[in-house]
Structures are given as C-alpha cells and as structure tokens.
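Okay, thanks for making time, everyone. Let me put the structure up on the screen and then talk you through it.

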Amino acid sequence: MKVAALALFMALVAPTECLSLTTASPRSPALSIRRRPVFMAEETTPARAKDEEPTSFTPPPAEKKQDFDLSQYSMTLSIFVSFVLVKSLAYFGIMDVD
C-alpha cells in the first residue's frame with residue numbers, strides 16, 4: 001500500500017516540478033540575478049511662460065437648456081405608431097397576429 005501511495009505521489013509531483021517558476025539548485029542563474037534598488041527620478045516643474053494664465057478650477061458655465069425637439073424622438077414615435085396600428089388592426093379582426 002505504501003509503495004502504491006509513494007508511486008502515486010511521485011507521479012503527481014514530477015509533472016508539477018517542471019511547471020515551477022523556481023529551480024531546485026540555489027546556484028542556478030535564474031536565482032542569482034542581483035536585484036538593484038530602483039529610485040524614481042524627481043520631477044522638475046517647468047517654468048511657466050509669463051503670458052500663461054494660471055489654471056482655473058471653477059466648473060464651466062452650464063449650457064442653456066434646449067427646447068423640446070421632436071426630431072430627436074422620431075424613431076421612438078415611429079415604433080409607437082407602428083405598435084398601435086398593428087394592435088388596432090388585430091383588435092378589429094382585420095389582421096391576425098397570433
């Protein structure tokens with residue numbers, strides 16, 4: 001029983017070792033890469049031009065609300081008219097939509 005369990009364990013471990021990201025040898029080149037600290041460079045602020053205006057954080061003025069425009073709803077109204085027409089014809093028995 002122990003031999004079968006050991007064989008099963010080895011059969012499962014062997015394929016997973018080849019998928020491992022690290023190697024077994026501590027002297028391998030993959031593990032001996034020296035890590036250098038990375039420092040971010042300080043950003044210098046560019047000098048502003050003398051004629052440049054400072055940034056304003058106020059929101060832009062609100063747009064004037066437009067009046068109701070029927071052309072924006074032409075698709076919706078045409079679908080509604082088609083629906084009412086078909087339902088009316090079905091109600092009066094002129095067209096069968098079952």
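I'll start with the overall picture, then go to the end of the second helix and finish with the aromatic rings.

First, a reminder that this is a predicted model. The protein chain has 2 helices and 0 strands. What share of its 98 residues counts as buried? Just 1%. The accessible surface of the chain comes to about 10900 Å², and 64% of that is supplied by carbon and sulfur atoms.

Now to helix H2, which runs over residues 74-91. I checked its length: with 18 residues at 1.5 Å a residue, H2 should span 26 Å, and its end C-alpha atoms are 26 Å apart, so the two agree. Right after H2 comes Gly93, with a positive phi of about 80°.

Let's stay at that end for a moment. Ala90 is in H2, and it counts as partly exposed because its relative accessible area is 27%, which falls between the 20% and 50% cut-offs. Which residues does Ala90 touch, if we leave out those up to four places away in sequence? Met95 and Val97.

Those two names come back on the surface. Met95 and Val97 belong to a nonpolar patch together with Val86, Tyr91, Phe92 and Ile94. Taken together, the patch residues have about 660 Å² of accessible area. Tyr91, one of the patch members, sits in H2 as well. Is Tyr91 buried or exposed? Exposed, because its relative accessibility is 67% and the cut-off is 50%.

On to the rings. How many aromatic pairs turn up in a search of the whole structure? There are 2. One is Phe68 with Tyr73: the ring centres are 5.4 Å apart and the planes sit at 10°, so this pair is stacked. Phe68 has 63% relative accessibility, so it counts as exposed. Tyr73, at 38%, is partly exposed.

Then there's Tyr91 with Phe92, where the ring centres are 5.2 Å apart. Why is this pair called edge-to-face? Because the planes are at 75°, and anything over 60 degrees gets that label. Both Tyr91 and Phe92 are exposed, and both are in the nonpolar patch I mentioned.

That's my tour, so over to you for comments.

Note on methods:
Residues are numbered from 1 along each chain as its sequence is written. This is a predicted model: local features need pLDDT of at least 70, side-chain atom pairs count only at pLDDT 80 or more; totals for chains, interfaces and linings use all residues. Side-chain values use heavy atoms; hydrogens and water are left out. Patches are made of residues with over 30% relative accessible area and no salt bridge: like charges are joined within 9 Å, nonpolar side chains (Val, Leu, Ile, Met, Phe, Trp, Tyr) within 5 Å. Accessible areas come from the Shrake-Rupley method with a 1.4 Å probe; for residues, only the protein chains shown count as cover. A salt bridge is a side-chain nitrogen of Lys or Arg within 4 Å of a carboxyl oxygen of Asp or Glu. Helices (H or I, at least four residues) and strands (E, at least two) are DSSP runs, numbered from the N terminus. Buried means under 20% relative accessible area, exposed over 50%, partly exposed in between (1.4 Å probe, protein chains only). Rings of Phe, Tyr and Trp (its six-membered ring) pair if their centres lie within 6.5 Å; planes under 30 degrees apart count as stacked, over 60 as edge-to-face and the rest as tilted. The expected span of a helix is 1.5 Å times one less than its number of residues. Contact means heavy atoms within 4.5 Å.
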